[in-house]
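Trainee: Could you show me how to read the pockets, cavities and backbone features of a model?

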Amino acid sequence: MIISKRLAAGVCALLAALAVGFSPTGAAADGPDAKPSPKVDLVLDVSGSMRTRDIDGQSRMTAAKQAFNEVLDAVPSDVQLGIRTLGADYPGNDRKTGCKDTAQLYPVGPLDRTEAKTAVATLAPTGWTPIGPALLKAADDLKGGDATRRIVLITDGEDTCAPLDPCEVARSIAAQGTHLVVDTLGLVPDAKIRKQLTCIAEATGGTYSSVQHTDELTGRVTQLVDRAADPVAVPVATAGAAQCTDAPQLKAGLYTDREKFSEHRWYRVDVLPGQELRASVSVAADRAVGPDYGVLLRAVTLSGREIVRGEQSGTGRTDVISSGLRYPKAPQDDDDTEPKPETVCLQVSNSFSAAASVKTTPGLPVELTVDLVKSPDAASDVAAFGLGRGWWLLGALVLTGFVAGVLWGWISRWRVAVWRSN
């Protein structure tokens, strides 16, 4: 009997071992391996030239801080983000020391928005512009793992630390085969700056953009961070219409189109109660264009009433000009009824012009990003009523006109009464 029990116990143990051996591993039992979180390092120029006040009436540094605050609010939850500075700490004239002035302001990892914003708020324009050393350090910040990696460089000047050429640095990074992309944004429409930043971007498969307004900077950086979060997103070709009723119906995603000089193209998006529509458009000048141009993105109701708009203008040769808008729709009061979407018409227009010798076909490349997210709690503070905060001004003007009319009428009657009595 004892032998039988031991034999039975041995068989059970053997079966258990076999079951463990043939069962999926712990990782497999939980499903397929999770996709590694993409990594983004924002590299910000904090050199002394960032004190210059030529962006929307404020300094370049102030504009960059404002843009960073909005970008940090919009970073997807699965993105590991860091912030590196160049020229932020050393105010002296020693070139050797100044060209080492790059520091990790916020480490690459899960984002604590409050902590990151606090770190950005402490920055003050200080020293040199060591772009090459900053790129090398940023590449180190992003090492490790198989996640997609992206550096977004924001600067207002050329590198001041040659012979370490930042373009050669970018080429060496690309040669390592690490699939690290560097996107560059120039805050000054200068030919030399543009040439250097374009070289850096092209060496790594990235993009260069010239940005001269705060919201333009915000929109472009947000777009690049989103692209890092979804690097396999392929733009969907679409064709805007001449009027909203014939426009294609778009969902959240990335779209491409072509638009002729000074053309208007329409698209449609359905927005549910409690959702916020975020849209941005970039129009690329892929040929020689006139010196003054702009891009307009409008959200309009089906009846033609404007809800909100975003517009940007340029005065120099830039590769891309962008604009964006946000339209939050207040949540539905009655939870029992099925929510009905509101059809929002998006109008994309441009004011580019060109010499008669320049071909106008095909049209200029257009990249349109549409996103639908949860609306903020106080949606009415932004644009829920159609005119945004313009309703307050309209109400004040109406009230002022009414009071002025009553007073003028009373004074007129009083003067007539006095005239008659005399």
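Mentor: Happily; we will go through the open spaces, then the surface, then the backbone, keeping in mind that this is a predicted model.

Trainee: Let's begin with pockets. How much space lies in the largest pocket?

Mentor: A pocket is an open set of points, in contrast to a cavity, from which the probe cannot get out. Here, the largest pocket holds about 1,200 Å³ of space. Its lining counts 42 residues, and those nearest the centre are Thr 222, Asp 226, Arg 278, Ala 279 and Ser 280.

Trainee: Which element gives the most to the lining of the largest pocket?

Mentor: That is α9, with 10 residues. Elements that each supply at least two residues are α3, α9, β11, β13 (275–284), β15 (306–314), β16 (320–328) and β18. When you look at the walls, check the chemistry too: the lining divides into 14 nonpolar, 15 polar and 13 charged residues.

Trainee: And what volume has the second largest pocket?

Mentor: The second largest pocket has a volume of about 280 Å³. Its lining is made of 16 residues; Ser 282, Ala 284, Val 320, Pro 365 and Glu 367 lie nearest the centre. At least two residues come from each of α9, β11, β13 and β18. By class, you will find 7 nonpolar, 3 polar and 6 charged residues in this lining.

Trainee: Now the enclosed spaces. How many cavities of 30 Å³ or more does the structure hold?

Mentor: There are 2 of them at that cut-off. The largest cavity has a volume of about 40 Å³. Around the largest cavity you can pick out Ile 55, Arg 60, Ala 63, Ala 64, Leu 187, Val 211, Gln 212, His 213, Thr 214 and Leu 217. Two elements, α3 (60–74) and α9 (214–229), give two or more residues to this lining, and α3 gives the most, with 3 residues.

Trainee: How does the lining of the largest cavity divide by class?

Mentor: The lining of the largest cavity has 6 nonpolar, 3 polar and 1 charged residues.

Trainee: Let's move to the outside. Which residues make the nonpolar surface patch?

Mentor: To find such a patch, look for accessible nonpolar side chains that can be joined within 5 Å. In this model, Leu 399, Phe 402, Val 403, Val 406, Leu 407, Trp 410, Ile 411, Trp 414 and Val 418 make a patch of about 930 Å². To place one of them, Leu 407 is found in helix α10, which covers residues 390–421.

Trainee: On to the backbone. Where is there a cis peptide bond?

Mentor: Omega is the angle to read, and for the bond joining Thr 361 and Pro 362, a cis peptide bond, omega is about -5 degrees. Pro 362 lies in the loop between β17 (342–350) and β18 (364–374).

Trainee: What about phi? What value does Asp 56 have?

Mentor: For Asp 56, phi is near 55 degrees, a positive value in a residue other than glycine. Asp 56 is placed in the loop between β2 (53–55) and β3 (58–59). Ser 262 also has a positive value, with phi near 60 degrees, and its place is the loop between β11 (253–259) and β12 (264–271).

Trainee: Why does Asp 56 count as partly exposed?

Mentor: Partly exposed covers the range between buried, under 20% relative accessible area, and exposed, over 50%. Asp 56 counts as partly exposed because its relative accessibility is 44%. Ser 262, at 45% relative accessibility, is therefore partly exposed as well.

Methods
Residues are numbered from 1 along each chain as its sequence is written. This is a predicted model: local features need pLDDT of at least 70, side-chain atom pairs count only at pLDDT 80 or more; totals for chains, interfaces and linings use all residues. Side-chain values use heavy atoms; hydrogens and water are left out. On a 1 Å grid over the protein atoms alone, a cavity is a set of points where a 1.4 Å probe fits but cannot get out, and a pocket is an open set with protein on both sides within 12 Å along at least five of seven lines; lining residues have an atom within 4 Å of a point. Grid points are joined across faces, edges and corners, and a volume is the space filled by probe spheres set on the points. Helices (H or I, at least four residues) and strands (E, at least two) are DSSP runs, numbered from the N terminus. Ala, Val, Leu, Ile, Met, Phe, Trp, Tyr, Cys and Pro count as nonpolar, Asp, Glu, Lys and Arg as charged, and the others, Gly among them, as polar. Patches are made of residues with over 30% relative accessible area and no salt bridge: like charges are joined within 9 Å, nonpolar side chains (Val, Leu, Ile, Met, Phe, Trp, Tyr) within 5 Å. Accessible areas come from the Shrake-Rupley method with a 1.4 Å probe; for residues, only the protein chains shown count as cover. A salt bridge is a side-chain nitrogen of Lys or Arg within 4 Å of a carboxyl oxygen of Asp or Glu. Buried means under 20% relative accessible area, exposed over 50%, partly exposed in between (1.4 Å probe, protein chains only).
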